Amino acid sequence: MNGYGIRALYLSELSRMWRTLFQSIASPVISTSLYFIVFGAAIGSRMQEIDGVSYGAFIIPGLIMLMLLNESISNASFGIYMPKFTGTIYEVLSAPLSPVEIVVGYVGAAATKSVLLGILILLTARLFVDYEILHPIWMFGFLVLTAITFSLFGFIIGVWADGFEKLQIVPMMIVTPLAFLGGSFYSINMLPPMWQTITLFNPVVYLISGFRWSFYGVADVHIGVSLGMTLVFLTICLAIVWIIFRTGYKLKP
Amino acid sequence: MESVISVKGLNKTYASGFQALKHIDLTIKRGEIFALLGPNGAGKTTLISIICGIVNATRGEVIVAGYDIVKDYRKARTAIGLVPQELTSNMFDSVLATVNLSRGLFGKAPDKAHIERVLRELSLWDKRNDRIMNLSGGMKRRVLIAKALAHEPEVLFLDEPTAGVDVELRRDMWNMVRRLREQGVTIILTTHYIEEAEEMADRIGVINRGEIILVEDKADLMSKLGTKQLTIQLQEPLTQIPSSLADYGLQLAQEGHAVVYTFDAQCDHTGLADLLRALNEAGLEVKDLHSSQSSLEDIFVGLVHEENRPGAVAGAQAAALSGGQA
Ligand SMILES: Nc1ncnc2c1ncn2[C@@H]1O[C@H](COP(=O)(O)OP(=O)(O)OP(=O)(O)O)[C@@H](O)[C@H]1O
Ligand SMILES: [Mg+2]
């Protein structure tokens with residue numbers, strides 16, 4: 001194993017994010033605050049409790065997931081797209097690093113940043129609403145697992161994209177709608193039965209539901225199912241990454 | 001001499017269907033400076049990229065420092081340093097950060113002393129905290145060299161190291177390459193500048209259209225393929241070559257004030273003595289003699305030209321080559 005190599009790649013990726021620390025932190029914190037002001041304070045005060053949880057508190061897990069998905073995907077996709085675009089990828093490809101080590105470096109750095117942001121948002125939320133975390137370990141587990149899964153997903157997009165448009169299109173056209181419709185702002189039990197069924201095909205539902213369970217002990221679907229679905233998605237992403245390196249797809253001509 | 005790189009039956013066909021390398025066999029000796037010459041698109045970068053692990057080979061085998069580049073890629077790659085043709089680096093990083101990153105990526109523990117030595121050698125030490133985007137083009141290229149040397153490789157690839165580099169820096173770079181060779185580093189460089197190969201290399205390989213058409217010691221190559229020209233200054237100008245001298249293939253030069261005789265310097269019978277006698281018999285008085293050897297460039301252009309004769313691009317490629325020789 002090339003421990004120094006993983007470390008160097010991971011730290012250099014983190015330091016790249018460190019350079020843009022202000023944007024990295026400011027934009028999610030500001031947008032989360034806006035969500036809380038609009039949905040939590042303004043609208044939330046007129047909403048009834050959902051499953052015994054105040055609306056302001058109810059949306060916290062969903063909001064964090066929303067940010068986590070977006071940040072993980074954009075960080076990881078950018079992280080691999082840029083060296084591909086500028087050509088600096090040559091060094092990583094020519095280094096004695098295995099595919100797993102390369103992925104650990106890039107995806108690890110992106111996921112680390114997402115987790116830190118998730119925690120930051122959690123702390124920001126505290127300024128607006130009171131909440132409790134019933135299962136902090138599960139909460140952290142979901143946070144990390146989701147960050148890794150979607151950083152992997154972002155890595156795949158970054159490898160696949162051959163232009164900035166493609167880099168934006170998946171997060172914008174697929175992930176954001178899925179996250180919004182995945183129950184960030186409502187319980188899927190509030191939907192008509194037909195939509196409830198359709199919603200079950202949205203993978204984000206399971207992430208949000210599981211995450212919310214770790215906060216309040218209430219969930220749309222069983223926690224085991226949530227965990228299982230998250231792991232399935234993780235496995236799919238891992239398999240695609242494996243194929244990418246196996247075939248050299250878009251990384252090595 | 002021990003070989004440090006051995007390429008056997010290497011083929012590369014890109015996804016586009018273009019065959020960039022056609023059955024390359026090549027051995028690089030440990031400690032030598034090997035110059036790979038070839039026109040644009042010949043396959044130099046492709047060959048280097050495969051050896052370094054950036055491009056997948058279609059077929060064939062490459063051994064570096066005793067290790068297969070696919071099966072034992074870690075050990076093989078640790079032995080290699082690469083300075084790519086294109087100027088690419090993380091523009092926002094400082095010089096020191098990017099060089100340290102390179103060393104780490106290649107699995108070596110941090111070594112401040114070594115990094116300082118490399119940066120000083122390349123006159124980058126004063127710039128170590130500067131961001132790369134604030135450096136000049138020549139300095140960026142030196143940063144890439146520093147990155148390639150950061151992990152103390154046994155073999156260094158320089159893909160057109162002096163393209164777009166001024167004369168002084170080119171000299172510096174040549175000196176640096178020589179110093180590296182003295183330290184035992186094997187150096188493979190590609191170049192369009194024939195003077196560079198002529199000046200630096202121990203051996204020269206010529207690649208054209210994905211095929212190695214020649215590998216030779218520089219000295220052997222120059223004498224083997226080299227012809228000499230003898231310019232004979234005459235006391236009285238000639239308007240045409242006297243018929244008694246027709247067999248020598250002389251050419252008039254300097255408006256008849258000189259004749260030029262081309263001969264093979266390797267040949268036992270150069271015909272020089274006969275020519276001088278014949279000149280004398282023809283009543284031509286010789287004022288001065290001057291001989292010159294054809295440069296590697298002449299040889300090279302000749303080779304590539306020969307090779308490409310049926311193709312329409314031949315002239316253009318040869319022209320591009322001599323054009324690059326400004
Ligand atoms: N990724 C690729 N896909 C398809 N064709 C490629 C690719 N990379 C290179 N080629 C083609 O392969 C041939 C060899 O390219 P290569 O870069 O190895 O040439 P070169 O000898 O380094 O040329 P130069 O002196 O211009 O750097 C060229 O015809 C080029 O167009
Ligand atoms: Mg090239």
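**Exercise 1.** Of the 16 residues around ligand 1, which come nearest?

*Solution.* The structure is a predicted model.
Step 1. Inspect the surroundings of ligand 1: B:Asn40, B:Lys44, B:Thr45, B:Thr46 and B:Gln85 come nearest among the 16 residues there.
Step 2. Identify the chains that contribute. Chains A and B both supply residues around ligand 1, so the site is shared between chains.
Step 3. Sort the shell by residue class. It divides into 6 nonpolar, 8 polar and 2 charged residues.
Step 4. Identify the element that gives the most to this shell. That element is helix 1 of chain B, with 3 residues.

**Exercise 2.** Determine how oxygen atoms of ligand 1 are placed relative to B:Gly43, B:Lys44 and B:Glu160.

*Solution.*
Step 1. Begin with the backbone. A polar backbone atom of B:Gly43 is 2.9 Å from an oxygen atom of ligand 1.
Step 2. Turn to the side chains. For B:Lys44, an N or O atom of the side chain is 2.7 Å from an oxygen atom of ligand 1. For B:Glu160, the corresponding distance between a side-chain N or O atom and a ligand oxygen is 3.2 Å.
Step 3. Consider how much of the ligand is covered. Ligand 1 exposes 630 Å² when taken alone, and the protein buries 67% of that.

**Exercise 3.** Which residues coordinate the magnesium ion (ligand 2), and through which atoms?

*Solution.*
Step 1. Name the donors. B:Thr45 coordinates the ion through OG1 and B:Gln85 through OE1, at 1.8 to 2.1 Å.
Step 2. Place the two residues in the chain. B:Thr45 belongs to helix 1 (residues 44-52) of chain B, whereas B:Gln85 lies in the loop between strand 6 (80-83) and helix 3 (95-105) of that chain; the pair therefore ties together parts that are 40 residues apart in sequence.
Step 3. Classify their exposure. A residue is partly exposed between the limits of 20% and 50% relative accessible area. B:Thr45, with a relative accessible area of 30%, is therefore partly exposed. B:Gln85 has a value of 26% and is also partly exposed.

**Exercise 4.** In what order do the 4 strands of the open sheet in chain B stand?

*Solution.*
Step 1. Read the order across the sheet: it is 2-1-4-5, with antiparallel pairing.
Step 2. Find the edges. Strand 2 (19-29) and strand 5 (67-68) of chain B are the edge strands, each pairing on one side only.
Step 3. Examine one pair. Strand 4 (residues 59-64) and strand 5 of chain B pair in the antiparallel sense over 2 bridges. B:Val64 stands opposite B:Tyr67, a residue of strand 5 of chain B.

Methods:
Residues numbered from 1 in each chain as written. Chains lettered and ligands numbered in written order. Predicted model: local features only at pLDDT ≥ 70, side-chain atom pairs only at ≥ 80, totals over all residues. Heavy atoms only, no water. Donors = N, O, S within 2.8 Å, 3.2 Å for Na, K, Ca; no water. Buried < 20%, exposed > 50% of the residue type's maximum accessible area, 1.4 Å probe, protein only. Near = heavy atom within 4 Å. Polar contact = N/O pair within 3.5 Å; in protein donor to acceptor, adjacent residues only side chain to side chain. Areas by Shrake-Rupley, 256 points an atom, 1.4 Å probe, with all protein chains shown as cover. Nonpolar A, V, L, I, M, F, W, Y, C, P; charged D, E, K, R; others polar. Pairing = 2+ DSSP bridges.
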